[in-house]
Amino acid sequence: AEAAEASVAELVAEGGATFTTETYHDVTLKVSDPATYAFVEEMLVVGTSPAAVRGVVDVADGAASLASRADFDAAMATLPADHLASTFLDLHAIAEATGSTEQLAGMSTAGAALVAEPDGLRLSGSAPFASDEAQPSARANFALSTEPSSLVDWMPSDTVAELVVFGLRQTLEGAE
């Protein structure tokens, strides 16, 4: 732990950032404008604010964690167990925070995992859609996903990436 703390302090010093020290529940937090970090038990925790790091300290002290949420468990249960990285998005909370509850109605969570396979990496994920909770326009846009995409038929063979967005026209018309 001492070597890890010394290494992080050295990296911070090399980057030119200056940090103040704060103690929260017997944990030393290093606080600056761009970031806050601390060692919580034997884990380095980095956050964009002291509040984010304090939240991890609270969980280490016994507060409810993400793993105690039923929606998190449900999202993660759909993902391959053997993965390199995973992500969870609380779409409902994001919608409330950004004022886009109407656009994301019918969507509550999303989860994705990066999986190593013999022939490469695969990104797998899901975001369940509850049509009974969605606005009529969202149900119509979601129904478009059952239509086959013709994008690959007109993309050049040396295309590096492709993205298909269903219902873009309807979304733009709604935003207008």
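Modeller: Before we start, a residue counts as buried when its relative accessible area is under 20%. Phe 72 has 17%, so Phe 72 is buried. Keep in mind that this is a predicted model.

Biologist: Fine. And Phe 88, buried or exposed?

Modeller: Phe 88 counts as buried as well, at 16% relative accessibility.

Biologist: What do Phe 72 and Phe 88 form?

Modeller: An aromatic pair, edge-to-face, with 5.2 Å from centre to centre and 80° between the planes. Phe 72 sits in helix 3 and Phe 88 in strand 5, 16 residues apart, so the pair links distant parts of the chain.

Biologist: How many aromatic pairs does the structure hold?

Modeller: Two. In the pair of Phe 19 and Tyr 37, the ring centres are 5.3 Å apart and the planes stand at 80°, so this pair is edge-to-face. Phe 19 lies in the loop between helix 1 (2–15) and strand 1 (20–24), while Tyr 37 belongs to strand 3 (residues 36–40), 18 residues away.

Biologist: Which relative accessible areas go with Phe 19 and Tyr 37?

Modeller: Phe 19 has 24% and is partly exposed. Tyr 37 has 10% and counts as buried.

Biologist: What about the rest of strand 3?

Modeller: Five of the five residues of strand 3 are buried, so the strand is largely enclosed by the rest of the structure. Thr 36, Ala 38 and Val 40 point one way, Tyr 37 and Phe 39 the other way. In a regular strand, side chains alternate between the two faces of the sheet.

Biologist: Which strands does strand 3 pair with, strand 2 first?

Modeller: Strand 2 (residues 27–31) pairs with strand 3 in the antiparallel sense, over three bridges. Lys 30 has Tyr 37 as its bridge partner. The two strands form a hairpin with four residues between them.

Biologist: And how many bridges join strand 3 to strand 4?

Modeller: Five, and strand 4 (residues 43–47) runs antiparallel to strand 3. Phe 39 stands opposite Leu 44 in strand 4. This hairpin has two residues between the strands, and Glu 41 takes a positive phi near 55° there.

Biologist: Back to strand 5. What is the order of its sheet?

Modeller: The order is 5-6-7, an open sheet of three strands with antiparallel pairing. Strand 5 (85–90) and strand 7 (120–126) are at the edges with a single partner strand each, so one side of each has no neighbour in the sheet. On average, neighbouring strands are turned by 15° against each other, direction ignored.

Biologist: How many bridges join strand 5 to strand 6?

Modeller: Six, with strand 6 covering residues 109–117. Phe 88 has Gly 111 as its bridge partner in strand 6.

Biologist: What does helix 3 do there?

Modeller: Helix 3 (residues 70–77) packs on the sheet and touches strand 5 and strand 6, its direction making about 135° with that of strand 5. Helix 4 (residues 91–98) also packs on the sheet, touching strand 5 and strand 6, with about 50° to the direction of strand 5.

Biologist: Change of topic. What radius of gyration does the protein have?

Modeller: The protein has 22 Å, whereas a compact globule of 176 residues would have a value near 16 Å. The C-alpha atoms fill a box of roughly 55 × 40 × 35 Å along the principal axes.

Biologist: How much of the protein is buried?

Modeller: Buried residues make up 23% of the 176 residues. The protein exposes about 12,100 Å², and carbon and sulfur atoms supply 56% of that.

Terms used:
Residues numbered from 1 in each chain as written. Predicted model: local features only at pLDDT ≥ 70, side-chain atom pairs only at ≥ 80, totals over all residues. Heavy atoms only, no water. Pairing = 2+ DSSP bridges. Axes fitted to C-alpha atoms, helices over the stretch in contact; angles between N-to-C directions. Contact = heavy atoms within 4.5 Å. Rg over C-alpha atoms; globule rule 2.2 N^0.38 Å. Buried < 20%, exposed > 50% of the residue type's maximum accessible area, 1.4 Å probe, protein only. Areas by Shrake-Rupley, 256 points an atom, 1.4 Å probe, with all protein chains shown as cover. Phe/Tyr/Trp six-rings, centres within 6.5 Å; stacked < 30°, edge-to-face > 60°.
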